[in-house]
Amino acid sequence: MAIIKRIFIYILLVIIGLIIGTFIYMQGQKPDYDGKLSLKGLNDKVDVYFDKWGIPHIYALNRHDAYMALGYVHAQERLFQMEMMRRVASGKLAEILGKDLVETDKFFRSLMLKKTAKESIETHFNDHPQIAEAAKAYIEGINEYIDEGSFPVEFVMIGIPKEHFSVEDMYMIAGYMAYTFQAAFNIDPLMSKIKQKLGDKYLKGFALNYIPGTERIPVFQNIDSSLAFADKINKILTDLPVPLLVGSNSWVLSPQKSKSGKVLFANDTHIAYAQPAVWYEAQITYPGYSIYGNYLAGVPFALLGHNRNIAWGLTMFENDDLDMFREKLNPDNPNQVRFKDHWEDLQIIKETIKVKDAEDIDFTIKVSRHGPIMTDVLANAKGIKDPIAVWWTFNQTKTQILEAFYKINHAKNVYDVAQAASLIATPGLNVMCGDKEGNIGWWAAAKLIKRPAHVQANLILDGSSGKDEFLGFYDFKDNPQAINPPQAYVYSANNQPDTTVDILYPGYYAPEDRANRIVSKLNQDKKWDIESLKEMQTDVISKLHAEEAHKILALIDKSKLDNLSVQAYELLEKWDGNHQTKDIAPVIFYKLLYKILKNTFEDELGVNDFEKIVSTHMMQRTYPALFSNDSSLWWDNINTEKIEKRRDIFNLSFTQSIEELKKQLGENINEWKWEKVHTLEHLHPIGRQGGILAKIFNVGWQGVFGGNQVINNIDFHFNGSGLYKATYGPSQRTLIDFADLDNALSVIPTGQSGRIMSKHYDDQAPLYNTGKYRKQMMNKDEIIKTAEGKLILKPVK
């Protein structure tokens, strides 16, 4: 009995020890918001005040120390996010996550981000001493945390080794940002497949180019089987452990449109939802300079923000800066392709991928004059007849995007921003700006490609004839842009910009829905203030969706509907396009819209190709015109003997929709509420595994307002399930009145911290999901008075 008792006591002590040890370890997972730390490489003392949201306000005596402190505090909150970003960009995910990520690594290595990063550093980086000093100091701060700070629990769980960051990593992360805008990888192969399989008559049914009459951003100057590889690329993008950049809204109002008589600024960038949140907010101040910005993991300069002179934001330009070329392989030499009248050798690059718990994998990248051949590095490329090479602006230029944003961060007026924007080659960005002098500006910043007149940029081009070749870039002065335009505002919602040289630049632009709503509001004869901007930025009404619903209902035979269907019909008939959580009409509309598109396109495209295109901007720009065209070939179901028309598809789809909704949500239509089907969960790379890990790492919220292409664009993939899990939306909402810079407003989707033990891991989620905001503090006295912690960083003696 005594032995059993001793064993029991021993087991109890072990359990208590484990609990205490786990508690102590998890307490060590909290970031340092208070206290004193000594950092190697620091020149002078730096004070870091953390406000109630965990946002650091850094006060340094010089530039180097300010950026080193930023690197340190950024790393203590987001080191795992930084690690994932650089591993995606460098193609090193399989080294820590195993064989399932090998194809992803092959894909990103084939994009040759590392090569371009090295060339850019050699060409530009050291030519700008102030930029180089700030960037290197930021990297020093990250590495000092790696050496001295507590490692995030994710590193322990996955087994990630300690490894210092480098300037090269920083440039590769910028390259990954450039890649994430590439709709071409989705659209070009599919459009080529439709042309090849169905012919030009069917292809013309898609909105390949600008649709006359739709909203354009105004300019104003006063200055085959070979297509199968696209399926694999789609899967790679879906499975990435870090978020993709998607779209955005921004508008800037001149003083004559504001109640305060100063510039008003609004921006919300649309990025795939993930945990941690994409942006890390921080204020840094040193003599002669103060900035409040939103920082990307591993990048030292704010991509969004404001200093005491200007505010700037971004939306995605969505221009087409990537072309695919079908190469003609030499039948006698697999390492040669045809160009005009001769065979050219392919450049051969050998790569080795380290794989966790498996043997290293050697593979070869082949590069033609047009770029890397992507079909050679994907597992499902067997049997492909013609290799596809990728020509990408990023690899054709030496990137200066980091230099551009350093200059924007330090700009004093919109004209300084214009000069900085001219350095951006890719990704294409709409740079939005206002300054304290009352100027406003917008620049579609990118290197815009000159192509031969006959080239259709969203099809795969001929790599062997020499007829489809790149002709150069347009001068930046020819880019769409506006400074102080007569309408007294500038805006962008990723829609087609107008032109300064009679050329509408090709791209993968968003449908006009958000742009139409923004313009209709800004054209009102009223004075704006922060409160009215709040209402506008969280607006969830789509007048165009309501119009499409009415267009459909006009062809529905109401006399043949049962009682439940009549109720649904009448709710849609009265719908104003609102997407509040208690609304019923959007539940009906999106089910109906999906069924119409499925019944229209799936018979010709097949299930896989239909699902790939149904949620794209291409489809969203296409269907409004299609719904007005009764003679379109797409209406006919090629699998039936009958020749279907638009009315047939609308009525069939309406019947199917109500039946499916009845099975999903019950026969009481009052229970078909938007909040039941439109949900938001922020997935952490580890939380994606589900179960208890999801409960620990993911941040969830049941039922959110917003929807497809409304201003508060909490969007989702169209699907037949009737469940619309939000996939992307505003990654921040920012509002600024230049009359009160110390009280700008913002919110991010979850929280500042990526550390699960921090109270700032998810503390902003309730604000975000209900359309509320918090302050972006810049007043030092107020910051010190209200700070929840003060971290003093000192040089090592």
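Reader: What is the strand order in the open sheet of 3 strands, and what kind of pairing does it have?

Author: This is a predicted model, and in it the order reads 17-10-21, with mixed pairing.

Reader: Why are strand 17 and strand 21 said to stand at the edges?

Author: Strand 17 (388-392) and strand 21 (461-462) each have a single partner strand, so one side of each has no neighbour in the sheet.

Reader: How do you know that strand 10 and strand 21 count as a pair?

Author: Pairing takes at least two bridges. Strand 10 (residues 322-326) and strand 21 have 2 bridges, in the parallel sense, so they meet the cut-off. Phe-325 stands opposite Leu-461 of strand 21 there.

Reader: OK, over to the hairpins. What makes strand 11 and strand 12 a pair?

Author: Again, at least two bridges are needed. Strand 11 (residues 329-330) is joined to strand 12 (residues 333-339) by 2 bridges, and the two run antiparallel, so that counts as a pair too. Leu-329 sits opposite Val-337 in strand 12, and the hairpin linking strand 11 to strand 12 goes through 2 residues.

Reader: How do you know that strand 12 also pairs with strand 13?

Author: Strand 12 and strand 13 (residues 342-345) run antiparallel and share 4 bridges. The cut-off is at least two, so they pair. One bridge partnership is Phe-339 with His-342 in strand 13.

Reader: And which residue in the turn of that hairpin has a positive phi?

Author: That's Lys-340, at about 55°, in the hairpin that strand 12 and strand 13 form with 2 residues between them.

Technical notes. Residues numbered from 1 in each chain as written. Predicted model: local features only at pLDDT ≥ 70, side-chain atom pairs only at ≥ 80, totals over all residues. Heavy atoms only, no water.
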